[in-house]
Amino acid sequence: MTTLLEGIEQRSVRTDRLEASVLRAPGTDAASADAAPIVLIHGNVSSSLFFQPLMQALPRPSIAIDLRGFGDSETLPVDATRGLRDLSDDVAAVLDALGVAGAHLVGWSMGGGVVLQLLLDRPELVRSVTLQAPVPPQGFGTRLDGTLCAPDAAGTGGLGANPDFIARLAAGDTTADAPTSPRSVFRSSYVAAGFDDGREDLWVESMLSTRTGEGNQPGDGIASDAWPGFAAGDRGILNAMSGKHLDLTGIVGIAAKPPVLWIRGAHDAIVADESSFDLHTLGKHGIVPGWPGEEAAPPQPMVTQTRAVLDAYAAAGGAYREVVFEHAGHSPHLEDPERFATELLAHVAAAD
């Protein structure tokens, strides 16, 4: 059974693409009951459950959608050659089925990429954008200018996942017996050191809702002549975020540019300029052997890439604001939901 917090409702939404699980919170502000809702899109190895404390803190209606292969939504394969479009098309289908003509979109990590893809393909649905620790807009395995470090995106994709972590996900491991268990990864990478809200079992439950396999998490891969010997394949979640398939920089050129709020944690271990999840960073620090050096395999400047694209977005007529939560890691919305809600509501009010 899915664990729901007070005031949160769950329902299943049938669309022409999939059957999706949706969490809803009606909000407490009667004046905003008919306003465009806030729609929350989760990241990889998580689900809508992670948004519940934030939804409780929002006075206006909010919706959190489980992506395919996560939470209680239908398990369908991900065609990585479409980048994140399988997921953004699913979100659009859910909003259409719910009769939502426009929404304030919030995307966390991979969900940030899903929101930007939705902005590119269905701009009429997007009133404002909030990105939290988003996947870099050029995808993984790229240099600052967005070009691939290797033509086949070596070092990215499904074969880059830790196989023991994937096995523990598949087995439903709730322990903290190994650094690769979901609970240990949550503690070390999802939040800053010392975070404890008393709901860790719920966050692990959310992580364990991730479906594994070549079509989902992590995806497949191919051999490569470039270091570290493998490259992105064409199926599954991690390949969908590889620079081989993903490019969201087109937001710079769109005609209507909704305002963007970019929130990140100062202690983010996952999305950073030298991320501990980037094989090039691990190679540079001797954790993965055989690193060929900065010229061939530089650590990806993920935060700097996002800032560069958003700067170009602003120069082309858009607007964005960057907010850093100094004591947070990869999940500011979870680590400080009240502050996150304050920043988000100010952003939404300005866009209404």
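**Internal cavity, central strand and principal pocket**

Leu 116, Leu 131, Pro 134, Val 135, Pro 137, Ile 251, Thr 306, Val 309 and Leu 310 line the largest cavity of the structure, which is a predicted model. The volume of this largest cavity is about 50 Å³, and one cavity of 30 Å³ or more is present in the structure. Among the elements that contribute to the lining of the largest cavity, helix 9, spanning residues 302–315, gives the most, with three residues. In terms of residue class, the lining of the largest cavity comprises eight nonpolar residues and one polar residue, while charged residues are absent.

Leu 131, one of the residues that line the largest cavity, stands opposite Trp 262 in strand 11. Strand 11, residues 260–265, pairs with strand 6 in the parallel sense, and four bridges connect the two. Strand 6 is formed by residues 126–132; because six of its seven residues are buried, the strand is largely enclosed by the rest of the structure.

Strand 6 also pairs with strand 5, residues 103–108, again in the parallel sense, and this pairing extends over six bridges. Within it, Leu 105 stands opposite Val 129 of strand 6. The connection between strand 5 and strand 6 passes through helix 3, residues 110–121, and the resulting β-α-β crossover is right-handed. Strand 6 thus has parallel pairings with strand 5 and with strand 11.

Open space was examined as well. The largest pocket encloses about 1,100 Å³ of space. Its lining consists of 41 residues, and those nearest the pocket centre are Gly 160, Ala 161, Asn 162, Leu 238 and Phe 277. Three helices each supply at least two residues of this lining, namely helix 4 (163–171), helix 5 (182–190) and helix 8 (279–284). The largest share comes from helix 5, which provides four residues of the lining of the largest pocket. By class, the lining of the largest pocket divides into 22 nonpolar residues, 18 polar residues and one charged residue.

The composition of the two linings may be set side by side. For the largest cavity, the lining has eight nonpolar, one polar and no charged residues; for the largest pocket, the corresponding numbers are 22 nonpolar, 18 polar and one charged. The helical contributions are led by helix 9 in the lining of the largest cavity and by helix 5 in that of the largest pocket.

Conventions: Residues numbered from 1 in each chain as written. Predicted model: local features only at pLDDT ≥ 70, side-chain atom pairs only at ≥ 80, totals over all residues. Heavy atoms only, no water. 1 Å grid on protein atoms, 1.4 Å probe; cavity = no way out; pocket = protein on both sides within 12 Å on 5 of 7 lines; lining within 4 Å. Points joined across faces, edges and corners; volume = space filled by probe spheres on them. Nonpolar A, V, L, I, M, F, W, Y, C, P; charged D, E, K, R; others polar. Buried < 20%, exposed > 50% of the residue type's maximum accessible area, 1.4 Å probe, protein only. Pairing = 2+ DSSP bridges. Right-handed = clockwise from strand over helix to strand, strands pointing away.
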